[in-house]
Amino acid sequence: VKLIYFDIEGRGEVSRLLLKYGNIVFEDVRLSFADWPKHKAATPMGQVPVLYWDGEELAQSAAITRFLARKVGLAGKSDLEFAQADMVACHCDDVRSKLSGLRFSKTQADKETEATAFLREFLPKWIEPLETLLKKRGGAWYAGSGPTFADLTVMVLMDFMTAPEEQAFKDMDNKAERCKILNAFPLVKANYRRTCALPAVADWKKKRPTFKGL
């Protein structure tokens, strides 16, 4: 098993976490942005991540996540639970696009204006449905009675949003504001902490390369 992605967390981190959760030994290939043009043509769709599994290639981060979730037992216990988890994972795409836009803002002034709107307007509205879902489903997990790829996906995004190194908030003194946002959503905050505390997740977080802000 081999996972190829850039030397960042980005869209590859959930897949790495799933592999670790399933105790699957894999080659964690990390490409630099400078070396990427040399490898692009060899990938199935000209993109990474790419997962090599039993001689087959899988591209597209969402497809890889769903495949691995099923393999390691984090896809829910029924088709309905899988769909409920997938719904949350799809909801996370809205935040990914917003963070990507912030990371590559044209000017620092633009970044700061957009970051303020993101934190004070967009993000609370985005988190609120997650809080409502948890209330409906017992308060612990987004789908079923245990963790799924949905919980890992939300956790990774929360890590991005609160990390001092996150490039979306570079050169801004707003870490305290970012960390306080979850206080208004106690179930989401508790789910985040619960997911971080899963043994395989906690172990990976101790051993993985230092976060590079992306």
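These questions and answers look at the two largest pockets of a predicted model.

Me: What is the volume of the largest pocket?
Reply: In this predicted model, the lining of the largest pocket is made up of 16 residues, and those closest to its centre are Y5, G10, R11, S100 and R103. The volume computed for the largest pocket is about 270 Å³.

Me: Which element gives the most to the lining of the largest pocket?
Reply: Two or more residues of this lining come from each of β1 (2–6), α4 (79–103) and α6 (149–162). With five residues, the element that gives the most is α4.

Me: How many nonpolar residues are in the lining of the largest pocket?
Reply: Sorted by class, the lining of the largest pocket includes three polar and three charged residues. The nonpolar residues in this lining number 10.

Me: Which residues lie closest to the centre of the second largest pocket?
Reply: The second largest pocket holds about 190 Å³ of space. Its lining consists of 13 residues, and the closest to the centre are A62, T65, A89, D93 and R96.

Me: Which element supplies the largest share of the lining of the second largest pocket?
Reply: At least two residues of this lining are supplied by each of α3 (61–72), α4 and α6. The largest share amounts to five residues, and the element it comes from is α4.

Me: How many charged residues does the lining of the second largest pocket have?
Reply: By class, the lining of the second largest pocket has five nonpolar and three polar residues. As for charged residues, this lining has five.

Conventions: Residues are numbered from 1 along each chain as its sequence is written. This is a predicted model: local features need pLDDT of at least 70, side-chain atom pairs count only at pLDDT 80 or more; totals for chains, interfaces and linings use all residues. Side-chain values use heavy atoms; hydrogens and water are left out. On a 1 Å grid over the protein atoms alone, a cavity is a set of points where a 1.4 Å probe fits but cannot get out, and a pocket is an open set with protein on both sides within 12 Å along at least five of seven lines; lining residues have an atom within 4 Å of a point. Grid points are joined across faces, edges and corners, and a volume is the space filled by probe spheres set on the points. Helices (H or I, at least four residues) and strands (E, at least two) are DSSP runs, numbered from the N terminus. Ala, Val, Leu, Ile, Met, Phe, Trp, Tyr, Cys and Pro count as nonpolar, Asp, Glu, Lys and Arg as charged, and the others, Gly among them, as polar.
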